[in-house]
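Biologist: Hi! Could you pull up the model, so we can go through it together?
Modeller: Sure, here it comes.

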Amino acid sequence: MKKTVKILGIIILAIVVALIAIVILPFIKASVIDNMALNKYRSRILNELELPTDTEIVETVSGCGNTGGTGNHTELLVSVLVKSELDEDAFFAYYPHAYEAEERDFETWAMGCVGLSFNKPEEEGNYYILEYIKSAPCSDFDLRGH
């Protein structure tokens, strides 16, 4: 009788361990994988970013999450706050999809969905937000997008 109870206990323990490995582990690994992908994505954007003359990066924020507020998906979001001496028309000619930062209180819709924002600069100037979004590699398993 003791052997049967012991074997039954081992079987139950094995089932619990298997369920953890099969059900829970993919969700944990997904967020780790997406974080690693975000770091690479952010580095690539910053390395390849070509700014016009008299324009500088002030701050960069990034995160994983649901940037649209609807649906079950996770994206990688990188937002770059830049200050430019160019007037608005000249800057938007260079970056037509940029956002005027002060009009948006230094936060885009997508940034708000992920819980990110920029610090408001103390210096006066023309500030713009450049935003980059792409699907996360483990979008379906990363719970930050659900």
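Biologist: Let's start with strand E2. Which residues point one way from E2, and which the other way?
Modeller: This is a predicted model, and in it Glu 75, Leu 77, Ser 79, Leu 81 and Lys 83 point one way from E2. Leu 76, Val 78, Val 80, Val 82 and Ser 84 point the other way. In a regular strand, side chains alternate between the two faces of the sheet.

Biologist: And are those residues buried or exposed?
Modeller: Buried, on both sides. That makes 10 of the 10 residues of E2, so the strand is largely enclosed by the rest of the structure.

Biologist: OK, what is the strand order in the sheet?
Modeller: The order is E1-E2-E4-E3, an open sheet of four strands with antiparallel pairing. E1 (55–65) and E3 stand at the edges with a single partner strand each, so one side of each has no neighbour in the sheet.

Biologist: How many bridges join E2 to E4?
Modeller: There are 10, between residues 75–84 of E2 and residues 126–135 of E4. Along that pairing, Val 78 stands opposite Tyr 132, Leu 81 faces Ile 129, and Lys 83 is across from Tyr 127.

Biologist: What about the other side of E2, how many bridges does E1 make with it?
Modeller: E1 and E2 pair over 10 bridges, in the antiparallel sense. Leu 81 turns up here too, with Glu 59 opposite.

Biologist: And how many bridges join E3 to E4?
Modeller: Two, with E3 covering residues 99–100 and running antiparallel to E4. Tyr 99 has Ile 129 as its bridge partner. Ile 129 also stands opposite Leu 81 of E2.

Biologist: Switching to rings: how many aromatic pairs are there?
Modeller: A search of the whole structure finds six. Take Tyr 94 and Tyr 95: their ring centres are 5.2 Å apart and their planes are at 65°, so that pair is edge-to-face.

Biologist: Are those two tyrosines buried or exposed?
Modeller: Tyr 94 is partly exposed, at 41% relative accessible area, whereas Tyr 95 counts as buried at 15%.

Biologist: Which pair does Phe 106 form?
Modeller: Phe 106 pairs with Tyr 127, edge-to-face, with 5.9 Å centre to centre and 65° between the planes. Phe 106 lies in the loop between E3 and helix H3 (109–114) while Tyr 127 belongs to strand E4, so the pair ties together parts 21 residues apart in sequence. Both Phe 106 and Tyr 127 are buried.

Biologist: Which residues form the aromatic cluster?
Modeller: Phe 91, Phe 92, Tyr 94, Tyr 95 and Tyr 128 form one cluster. So the Tyr 94 and Tyr 95 pair sits within that group.

Biologist: Last topic, cysteines. How many disulfides does the search find?
Modeller: Zero across the whole structure.

Biologist: Why is Cys 113 not in a bond?
Modeller: The closest cysteine sulfur, in Cys 64, is 14 Å from the sulfur of Cys 113, and that is too far for a bond. The cut-off for a disulfide is sulfur atoms within 2.5 Å.

Biologist: And how far is Cys 138 from the nearest cysteine sulfur?
Modeller: The distance is 10.0 Å, again to Cys 64, and Cys 138 is in no disulfide.

Biologist: Are Cys 113 and Cys 138 buried or exposed?
Modeller: Cys 113 is partly exposed, with a relative accessible area of 28%. Cys 138 is buried, at 16%.

Technical notes. Residues are numbered from 1 along each chain as its sequence is written. This is a predicted model: local features need pLDDT of at least 70, side-chain atom pairs count only at pLDDT 80 or more; totals for chains, interfaces and linings use all residues. Side-chain values use heavy atoms; hydrogens and water are left out. Two strands pair if DSSP finds at least two bridges between them. Buried means under 20% relative accessible area, exposed over 50%, partly exposed in between (1.4 Å probe, protein chains only). Rings of Phe, Tyr and Trp (its six-membered ring) pair if their centres lie within 6.5 Å; planes under 30 degrees apart count as stacked, over 60 as edge-to-face and the rest as tilted.
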